[in-house]
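Reader: Hi! I'm new to reading protein models. Could you walk me through this one?

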Amino acid sequence: MGCMPSKVAQKKSLPFKEAENRPLPSKVAGNKPRHNKSSFEDFSVLASETPFTVGKVEKLHELYKKLSNIIVKDGFIQKEDLLFALFRNSNTPNLFVDRVFDLFDVNHNGLIEFGEFVRSLSVFHPKTPEAVKIKYAFELYDLRHTGYIEREELKEMVLTILNESDLVLSDDVVETIVDKTFQEADSKGDGRIDLEEWEEYVRKNPSILKNMTLPYLLDITQAFPSFELNGETEESRALVASIYI
């Protein structure tokens, strides 16, 4: 990792074709963090690898600094920080936060470094290719990391969505939702959904990806980092909504 620059000229983001071929954030290797400024990657490097300009990476850095000092205050985003930022509670388990944290935590070291934060957020950028969003959504639902979305995983996600939305549906209705989804998506009829089936299903149902794009990432302002002070703001809810597929 490089040192943080002071003022760096903005660079253009990767062409869509190149961006679509690069690995998802959850597949990119990284180094172990050090608790000092040298642990932050060069802003210009992050800008060259994502749709963000250097200036917007700098704004994301301001957000990152706030998020990483909510609970643990060690300069890195830990799960407790993310839970509190989104739900004003750092102790209540939440499946959505668990999945987002796991995917953002590329190094699987129990914390989100700044480079991981920027690269993972870039998936939700309006200019990120649809193919990247489809793969990322698939990984969100693949709870057990088997390379497939299985019926019980889908049911678990549906129940979590209902719980977070304060909606109460009968067991029969939940089973109907899960069965209908599998009838449509499991084209091979083997009781699980692979990436190829998922891609086909999403292309037939594009609304599934509507929350995989966060429009405000196009215009990150200095006010954006303040959402961590209030878990009920539009920005924080939008981030949570990005996994309500």
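Author: Happy to! Let's start with a pair of side chains: Lys79 and Asp98 meet in a salt bridge, with N and O 3.2 Å apart. A salt bridge here is a side-chain nitrogen of Lys or Arg within 4 Å of a carboxyl oxygen of Asp or Glu.

Reader: Which helices do Lys79 and Asp98 lie in?

Author: Lys79 lies in helix α4 (residues 79-87) and Asp98 in helix α5, so the pair ties together parts that are 19 residues apart in sequence. Helices (H or I, at least four residues) and strands (E, at least two) are DSSP runs, numbered from the N terminus.

Reader: Is Lys79 buried or exposed?

Author: Lys79 is partly exposed, because its relative accessible area is 27%. Asp98 also counts as partly exposed, at 24% relative accessibility. Buried means under 20% relative accessible area, exposed means over 50%, and partly exposed is in between (1.4 Å probe, protein chains only).

Reader: Before we go on, what kind of model is this?

Author: This is a predicted model, where local features need pLDDT of at least 70 and side-chain atom pairs count only at pLDDT 80 or more, while totals for chains, interfaces and linings use all residues. Residues are numbered from 1 along each chain as its sequence is written, and side-chain values use heavy atoms, leaving out hydrogens and water.

Reader: And what is the mean pLDDT of the protein?

Author: The mean pLDDT is 77, and 70% of the residues reach 70 or more. Over residues 1-20 the pLDDT is below 50, and this stretch has 44 contacts in the model beyond near neighbours in sequence. Residues 222-245 also stay under 50, with 62 contacts beyond four places in sequence. For the terms, pLDDT is the predictor's confidence in each residue, from 0 to 100, and contact means heavy atoms within 4.5 Å.

Reader: How many helices and strands does the protein have?

Author: There are 11 helices and two strands. Along the sequence they follow the pattern α-α-α-α-α-α-α-β-α-α-β-α-α.

Reader: How much of the protein is buried?

Author: Of the 245 residues, 47% are buried. The protein exposes about 12,200 Å², with carbon and sulfur atoms supplying 52% of that area. Accessible areas come from the Shrake-Rupley method with a 1.4 Å probe, and for residues only the protein chains shown count as cover.

Reader: Back to salt bridges. How many are there?

Author: The count comes to 16 salt bridges. One of them joins Arg151 and Glu175, whose closest N and O atoms are 2.5 Å apart. The pair links distant parts of the chain, with Arg151 in helix α8 (residues 151-164) and Glu175 in helix α9, 24 residues apart.

Reader: What about one inside a single helix?

Author: Try Glu200 and Lys204, whose side chains meet in a salt bridge at 3.3 Å, N to O. Both lie in helix α10 (residues 195-204), four residues apart, about one turn of the helix. Glu200 is partly exposed because its relative accessible area is 37%, whereas Lys204 is exposed, with 61%. Elsewhere, salt bridges that share partners join Arg151, Glu152, Lys155, Glu175 and Asp179 into one network.

Reader: New topic: which residues make a nonpolar surface patch?

Author: Leu169, Val173 and Ile177 make one of about 200 Å². Patches are made of residues with over 30% relative accessible area and no salt bridge, where like charges are joined within 9 Å and nonpolar side chains (Val, Leu, Ile, Met, Phe, Trp, Tyr) within 5 Å. Ile177 lies in helix α9 (residues 171-185) and is partly exposed, with a relative accessible area of 33%.

Reader: What is Asp102 in contact with, leaving aside its neighbours within four places in sequence?

Author: Asp102 is in contact with Lys79 and His108. Asp102 is found in helix α5 (residues 95-104).

Reader: Last one! Which residues does UniProt list for "domain: EF-hand"?

Author: The unreviewed UniProt entry lists residues 92-127, 129-164 and 173-208. UniProt positions are given in the numbering used here, feature names are shortened, and annotations may be inferred rather than shown by experiment. In the model, residues 129-164 are 72% helix and 6% strand, with end C-alpha atoms 29 Å apart. Residues 173-208 are 64% helix and 6% strand, and their end C-alpha atoms lie 20 Å apart.
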